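Welcome! Take a moment to turn the model around on your screen, and then we can walk through it together.

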Amino acid sequence: MNTDRLLRAAGQCALAFLLVLGVVALLPRALREALPDAVVGGAVLVLGAVGVRRASRRPR
């Protein structure tokens, strides 16, 4: 994996993290407090893994 693809994958992971944080911030306070931290972390990991998988595919 070259440096460009690695940086792109890291950027997609960061974007996934910010996206999940933004969605959580939009939730009502009661729901946000009831949501376990593991759910938020799991969503970040899943979106990050999808981003890395997309970045690691060879261009067509």
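## The overall plan

Starting at the N terminus, the elements of the protein chain follow the order α-α-α. In other words, the protein chain has three helices and zero strands. Please keep in mind that this is a predicted model.

How much of the chain is buried? Of the 60 residues in the protein chain, 15% are buried. The accessible surface of the protein chain is about 4900 Å², and carbon and sulfur atoms account for 65% of that surface.

## Helix H1

Let's begin with helix H1, which covers residues 3–26 and so has 24 residues, counted as a single helical run. From its first C-alpha to its last, H1 reaches 35 Å, close to the 34 Å expected at 1.5 Å a residue.

Which residues of H1 are buried? They are Ala 9, Ala 16, Val 20 and Val 24. Here is a handy rule for reading such a list: an α-helix has 3.6 residues a turn, so residues three or four places apart point the same way.

## A nonpolar patch on the surface

Now look at the outside of the model. Phe 17, Leu 18 and Leu 21 form a nonpolar patch there, and together they have about 280 Å² of accessible area.

One member of the patch, Phe 17, is found in helix H1. Is Phe 17 buried or exposed, or something in between? Its relative accessible area is 40%. Because buried means under 20% and exposed means over 50%, Phe 17 counts as partly exposed.

## The largest pocket

Rolling a probe the size of a water molecule over the atoms shows where empty space is left. In this model, the largest pocket has a volume of about 170 Å³.

Which residues line the largest pocket? The lining is made of Gln 12, Leu 15, Ala 16, Leu 19, Leu 47, Val 50, Gly 51 and Arg 54. H1 and helix H3 (37–56) each supply at least two residues of this lining. Ala 16 has appeared before, as one of the buried residues in H1.

## Where H1 and H3 residues meet

Two residues of helix H3 help us compare sequence with space. Ala 49 lies in helix H3 and is partly exposed, at 46% relative accessibility. Along the chain, Ala 49 and Cys 13 are 36 residues apart, yet their C-alpha atoms are separated by 7.6 Å.

Arg 54, also found in helix H3, is exposed, with a relative accessible area of 62%. Arg 54 and Ala 9 are 45 residues apart in sequence, while the distance in space is 8.3 Å, C-alpha to C-alpha.

Notes. Residues numbered from 1 in each chain as written. Predicted model: local features only at pLDDT ≥ 70, side-chain atom pairs only at ≥ 80, totals over all residues. Heavy atoms only, no water. Helix = DSSP H or I, 4+ residues; strand = E, 2+ residues; numbered from the N terminus. Expected span 1.5 Å × (residues − 1). Buried < 20%, exposed > 50% of the residue type's maximum accessible area, 1.4 Å probe, protein only. Areas by Shrake-Rupley, 256 points an atom, 1.4 Å probe, with all protein chains shown as cover. Patch = residues over 30% accessible without salt bridge, like charges linked within 9 Å, V, L, I, M, F, W, Y side chains within 5 Å. Salt bridge = Lys/Arg side-chain N within 4 Å of Asp/Glu carboxyl O. 1 Å grid on protein atoms, 1.4 Å probe; cavity = no way out; pocket = protein on both sides within 12 Å on 5 of 7 lines; lining within 4 Å. Points joined across faces, edges and corners; volume = space filled by probe spheres on them.
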